[in-house]
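Here are my notes on the model you sent over. Have the structure open while you go through them.

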Amino acid sequence: MAKKEKLKSKEIAALGYKDAVLRSMAMLAVGKHYKYTPKEEKMALLAKLWKDAEAYRQDAVLGPLALKVLDYQAEVPQYDFVDKDFPIFGVEQIAQNALDQMKNAMRLPITKAGALMPDAHHGYGLPIGGVLATENAIIPYAVGVDIGCRMCMSIFEAPSDFLEKERAQLLKSLNLHSRFGKATFEDNKRGDDFFDRSEFGQLAILRKMKDKAYAQIGSSGGGNHFVEWGYLDLETERFGLPKGRYLTLLTHSGSRGFGAFLANHYSRLAQKKRQLPKEYAHLSWFNMEEAEGQEYWMAMNMAGDYASACHHHIHRRMAEGLGLQPYVRVENHHNFAWKEVHNGKELIVHRKGATPAAAGELGVIPGSMTAPAFLVEGKGLAAALGSASHGAGRKMSRRQATETFSKAEMKAILKNAGVELIGGGLDESPDAYKDIESVIAAQTDLVNVLGRFYPKLVRME
């Protein structure tokens with residue numbers, strides 16, 4: 001007699017039987033009454049019952065299981081996941097796993113539109129570089145863990161040779177006035193308006209994180225976050241400035257531990273509430289009228305404003321340390337969700353690693369520590385939901401980069417580009433990123449280029 005194959009709990013869960021009691025009943029029913037039936041036929045039978053439990057209500061063997069499934073399905077909503085089209089910009093530069101993630105996000109019943117930017121790569125739930133518009137729903141992991149991560153650029157009306165003449169002073173400013181990872185400033189002042197916000201009194205989780213947010217204000221995270229001096233080649237007259245070269249400070253960082261805690265907390269709540277199939281779990285959402293949805297919206301906006309305040313602290317310290325005043329500041333954030341009107345309907349537009357690019361909206365799209373960042377103006381393309389890429393995008397994971405490049409190779413790349421680096425690891429090797437020129441070329445319908453920033457003095461964790 002052929003050896004009987006046992007059903008596995010995780011295989012039954014994949015059919016929809018996520019509740020432990022349901023799984024036990026299913027395994028007992030088919031194990032006892034279909035003892036000699038091939039495993040694939042047992043699985044097919046359980047799949048059919050899950051999809052149409054009503055048809056098995058009166059079944060002598062499977063009736064009790066069918067009734068339990070009907071009760072469960074009445075309590076836990078079942079969703080239809082239907083394919084929807086979306087535009088892809090720079091498709092030849094995007095890996096299949098990122099495309100697959102975007103396809104899953106588009107199948108959600110709450111999804112109304114989406115787009116994939118040319119810097120897209122694999123992430124959690126929504127790919128980095130994904131733009132997703134939903135109706136009356138917010139997805140914490142479609143915003144991302146580093147809520148409100150942003151770029152901030154200060155342009156100084158300093159002589160074009162300031163960078164070369166004052167190189168030592170600028171390097172000193174990076175060491176004195178920037179902090180990364182767990183390092184923080186000891187002289188933070190409670191006077192920052194952010195910490196007087198009424199939201200801290202409205203939401204317990206915000207109160208819980210207030211001291212941590214205060215301790216980390218003005219600091220930057222690890223990974224690809226940076227503070228760097230360089231020069232901007234302004235290619236068109238703008239801000240009352242003529243075309244030319246300007247000393248410029250560029251920063252990239254987000255909402256630190258404050259935002260990460262909020263993101264993980266609300267994502268866990270969303271996953272428990274929606275109980276989606278495994279491949280969609282990180283796309284779990286809150287409806288906007290639900291208490292959790294309203295809480296997350298408040299928390300997300302607070303994290304975004306906190307990220308902005310962190311940048312302003314960095315830029316203030318740098319400018320004061322040099323005795324300079326920025327002529328103009330340009331900033332934009334990604335890893336966020338906005339209420340916007342598209343095709344006459346208000347939607348929640350998630351941009352996870354994507355830059356807002358409404359008509360006339362300014363933004364900064366960085367390359368790598370040896371490649372230029374682009375100062376851009378949005379064109380507001382409707383098909384892209386008024387969005388653009390948020391950077392060059394990775395072509396290698398951090399682990400791949402660490403295993404591929406040597407310190408000597410990275411040092412040679414930096415020297416060849418005339419870049420001096422403080423900190424930074426092999427995971428941030430410039431060659432781990434896509435070619436920013438190709439990424440920008442793939443989105444000429446999305447943005448106009450106003451200038452190129454060239455990093456020269458870079459600090460990372």
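The points below run from the whole chain down to single residues.

1. Overall picture. Keep in mind that this is a predicted model. The chain has 461 residues, and 54% of them are buried. I count 15 helices and 16 strands in the chain. Along the principal axes, the C-alpha trace spans about 90 × 50 × 45 Å. Taking contacts in the chain between residues at least 6 apart in sequence, 74% join residues at least 24 apart.

2. The main core. The largest nonpolar core holds 33 residues. If you want a way in, start from the residues with the most contacts inside it: I138, I147, L206, F258, L262 and M300. At least two residues of this core come from each of α10 (204-216), α11 (256-274), α12 (291-322) and β9 (336-342). Which of these gives the most? That is α12, with nine residues. Apart from this core there is another one, of 27 residues, and I365, A392, M396 and I436 are among them.

3. I138 up close. I138 is one of the residues with the most contacts inside the largest core, and its neighbours are worth clicking through. Setting aside residues within four places in sequence, I138 is in contact with V143, W285, F286, M288, G293, Y296, W297, M300, A337, I348 and H350. M300, itself on the list of residues with the most contacts inside the core, is thus a direct partner of I138.

4. α11 against α12. The two helices pack with their axes 9 Å apart, at an angle of about 160°. Since anything over 145 degrees counts as roughly antiparallel, that is how α11 runs relative to α12. Their crossing is left-handed. On the α11 side the contact is made by R256, F258, G259, L262, Y266 and K273. From α12 come E292, E295, Y296, A299, M302, A303, Y306 and C310. By type, the residues of this contact divide into nine nonpolar, one polar and four charged. F258 and L262 turn up here as well as among the residues with the most contacts inside the largest core. Y296 belongs to this contact too, and it also touches I138.

5. α3 against α4. Now look at helix α3 (residues 39-51) and helix α4 (residues 63-75), whose axes come within 9 Å and cross at roughly 45°. Are they parallel or oblique to each other? They are oblique, because 45° falls outside the ranges for roughly parallel (under 35 degrees), roughly perpendicular (65 to 115) and roughly antiparallel (over 145). The crossing of α3 and α4 is right-handed, whereas that of α11 and α12 is left-handed. In the contact, L46, L49 and W50 of α3 meet L65, A66, V69, Y72 and Q73 of α4. These residues divide into seven nonpolar, one polar and no charged.

6. Two positive phi values. Please check Q275 and L385 by eye. Phi of Q275 is near 50°, which is positive in a residue other than glycine. Q275 lies in the loop between α11 and β7 (286-287), and at 35% relative accessibility it counts as partly exposed. L385 has a phi near 55°, again positive in a residue other than glycine. It is placed in the loop between β13 (373-378) and β14 (387-389). Is L385 buried or exposed? With a relative accessible area of 4%, L385 is buried.

7. N104. This asparagine is found in helix α5 (residues 96-107). N104 has 16% relative accessibility and therefore counts as buried, the cut-off being under 20%. Beyond residues up to four places away in sequence, N104 touches E279, Y280 and L283.

8. L426. The last one sits in the loop between β15 (420-422) and α15 (436-441). Despite its loop position, L426 counts as buried, at 18% relative accessibility. Which residues does L426 touch, not counting those up to four places away in sequence? They are A401, T402, F405, S406, K407 and M410. As for P455, 29 residues from L426 along the chain, the C-alpha atoms of the two are separated by 18 Å.

Conventions: Residues are numbered from 1 along each chain as its sequence is written. This is a predicted model: local features need pLDDT of at least 70, side-chain atom pairs count only at pLDDT 80 or more; totals for chains, interfaces and linings use all residues. Side-chain values use heavy atoms; hydrogens and water are left out. Axes are lines fitted to C-alpha atoms, for helices over the stretch in contact, and angles run from 0 to 180 degrees between N-to-C directions. Helices (H or I, at least four residues) and strands (E, at least two) are DSSP runs, numbered from the N terminus. A crossing is left-handed if the near helix is turned anticlockwise from the far one by less than a right angle, and right-handed if clockwise. Contact means heavy atoms within 4.5 Å. Ala, Val, Leu, Ile, Met, Phe, Trp, Tyr, Cys and Pro count as nonpolar, Asp, Glu, Lys and Arg as charged, and the others, Gly among them, as polar. Buried means under 20% relative accessible area, exposed over 50%, partly exposed in between (1.4 Å probe, protein chains only). A nonpolar core is a set of buried Ala, Val, Leu, Ile, Met, Phe, Trp, Tyr and Cys residues joined through side-chain atoms within 4.5 Å.
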